[in-house]
Amino acid sequence: MIKEIECKSKEFINFKRLNNLIAKRYTFDENMSKVNWSLVRKASNVSEKLPLLKPGSIYKLRKFDNVNCEEIIPFNKNNDDIILFIHGGGFVTGSAKLSRNFCAYIGENLKSRVISVDYTLAPDEMAPKQADQVLRVYMRLINLYPNSDIIISGVSAGGNLALVTALRAIKNHLKVPKCLILYSPLLDVLGKTKKINIIDDEIVRPTVYKGLKDIYVGNYDKNSIIINSLKYLNKNMPPIVSVIGEEETFYSENMYLYDYYMNNNMNMLLIKLKDSYHASAELGNLTKETKEVMNYIKNYVSKI
């Protein structure tokens, strides 16, 4: 099933202009390995000093199998589902703290607790470190909460780690996630998927795959489930909802995933955003379009 949303509201357009201004400072492209990402992350400390949890939820720091996480519990929690959230940032930036408000937003809408993984960033550590950390958290959660269903959600590079975690769970005969909720997910780290769209992506350039190869993949096995995850799609995959802009660099690989699901009569919702930008759904309730995205997600999850 496909839902299409045109992003035309004044609020959305203003956020898109802000996004384009940010893109003039740095982008994810072939030069990622030349960027001082430690400096970029230090610059984000300014925003990390802001209060990053809106009213309606509480949070606490947790560790699962020695991996740093944050737990966000909405006041309206009314079920045992657990949302395992994986932040984006090209594997080189981002954090659980910076994603805290968005995690609270997801938790409040799905009325479920959220566990947000603060995985180690590249280039300090490269593949498979990040995927292994997320898998360890997932395994710990299914052992601690055997009666809970786990939803895995990820943004951009975090969407890749969400897909990889589900595939590895199936491969290792672990409990399969209830569903995946992906926002502008990177699904094809190697960039092999045939391009079928006109790309107008200010933040994530079409040359990002070269940058990821240098700074994340390195010498790791390029045929592994962690790097070449689309090769390992199978009919045991859980339901998926994916939110993607039609002009994004990652659009075609999301269409590849959707076609696989449809050809095998599997359950997937693809939300296509027109005139959008990368990971715009992280705006949460700040625009009518992103609120509409969440309404689609809530309805989808409620029927699984």
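The exercises below, each with a worked solution, deal with a predicted model of a protein.

**Exercise 1. Overall build**

Task: State how many helices and strands the protein has, and decide why it counts as compact for its length.

Solution:
- Start with the secondary structure: the protein has 9 helices and 9 strands.
- Next take the radius of gyration, which is 18 Å.
- For 304 residues the globule rule gives 19 Å, and the value for this protein is close to that, so the protein is as compact as a globular protein of that length.
- The box filled by the C-alpha atoms, taken along the principal axes, is roughly 45 × 45 × 40 Å.

**Exercise 2. Inside, surface and charge**

Task: Find what share of the residues counts as buried, and describe the exposed area and the charged side chains.

Solution:
- Of the 304 residues, 56% count as buried.
- The area that the protein exposes is about 13400 Å². Carbon and sulfur atoms supply 49% of this area.
- There are 42 positive and 32 negative side chains. The centres of these two sets lie 3 Å apart.
- Now look at contacts between residues at least 6 apart in sequence: 80% of them join residues at least 24 apart.

**Exercise 3. The nonpolar cores**

Task: Identify the residues with the most contacts inside the largest nonpolar core, and the helix that gives the most to this core.

Solution:
- In soluble globular proteins, nonpolar side chains tend to be buried together.
- The largest nonpolar core here has 66 residues. Leu84, Val137, Tyr216 and Met237 have the most contacts inside it.
- Helix H6, residues 157-171, gives the most to this core, namely 9 residues.
- Take Met237 as an example. Apart from neighbours within four places in sequence, Met237 is in contact with Leu163, Leu167, Ile170, Tyr261 and Met266.
- A second core, separate from this one, has 32 residues and includes Phe12, Ile106, Leu269 and Leu273.

**Exercise 4. Asn234 in its loop**

Task: Locate Asn234, decide whether it is buried or exposed, and list what it touches.

Solution:
- Asn234 is in the loop that runs between helix H7 (208-217) and strand E8 (240-245).
- A residue is buried when its relative accessible area is under 20%. Asn234 has 18% relative accessibility, so it counts as buried.
- Not counting residues up to four places away in sequence, Asn234 touches Leu167, Ile170, Tyr260 and Met266.

**Exercise 5. Backbone details**

Task: Find the cis peptide bonds that precede Pro123 and Pro128, then describe the phi angles of Ser184 and Ala279.

Solution:
- One cis peptide bond joins Ala122 and Pro123, with omega about 0°. Pro123 is in the loop between strand E5 (113-117) and helix H5 (129-144).
- Another cis peptide bond joins Ala127 and Pro128, where omega is about 15°. Pro128, too, lies in the loop between E5 and H5.
- Turn to phi. Ser184 is not a glycine, yet its phi is positive, at about 45°.
- Ser184 sits in the loop between strand E7 (179-183) and H7. Its relative accessibility is 4%, so Ser184 counts as buried.
- Ala279 also has a positive phi without being a glycine, and the value is near 60°.
- The loop that holds Ala279 runs between strand E9 (268-274) and helix H9 (288-302). With 11% relative accessibility, Ala279 counts as buried.

**Exercise 6. Distance in sequence and in space**

Task: For the pairs Asn36 and Ile13, and Asn285 and Tyr105, set the separation in sequence beside the distance in space.

Solution:
- Asn36 lies in the loop between helix H1 (10-23) and helix H2 (37-43). Its relative accessible area is 46%, so Asn36 is partly exposed.
- Asn36 and Ile13 are 23 residues apart in sequence, and their C-alpha atoms are 30 Å apart.
- Asn285 lies in the loop between E9 and H9. At 40% relative accessibility, Asn285 counts as partly exposed.
- Asn285 and Tyr105 are 180 residues apart along the chain, and 8.1 Å separates their C-alpha atoms.
- Check the contacts: leaving aside neighbours within four places in sequence, Asn285 is in contact with Lys54, Tyr105, Thr290 and Lys291.

How values were computed. Residues numbered from 1 in each chain as written. Predicted model: local features only at pLDDT ≥ 70, side-chain atom pairs only at ≥ 80, totals over all residues. Heavy atoms only, no water. Helix = DSSP H or I, 4+ residues; strand = E, 2+ residues; numbered from the N terminus. Rg over C-alpha atoms; globule rule 2.2 N^0.38 Å. Buried < 20%, exposed > 50% of the residue type's maximum accessible area, 1.4 Å probe, protein only. Contact = heavy atoms within 4.5 Å. Areas by Shrake-Rupley, 256 points an atom, 1.4 Å probe, with all protein chains shown as cover. Lys, Arg positive; Asp, Glu negative; His and termini not counted. Charge placed at Lys NZ, Arg CZ, Asp CG, Glu CD. Core = buried A, V, L, I, M, F, W, Y, C linked by side-chain atoms within 4.5 Å.
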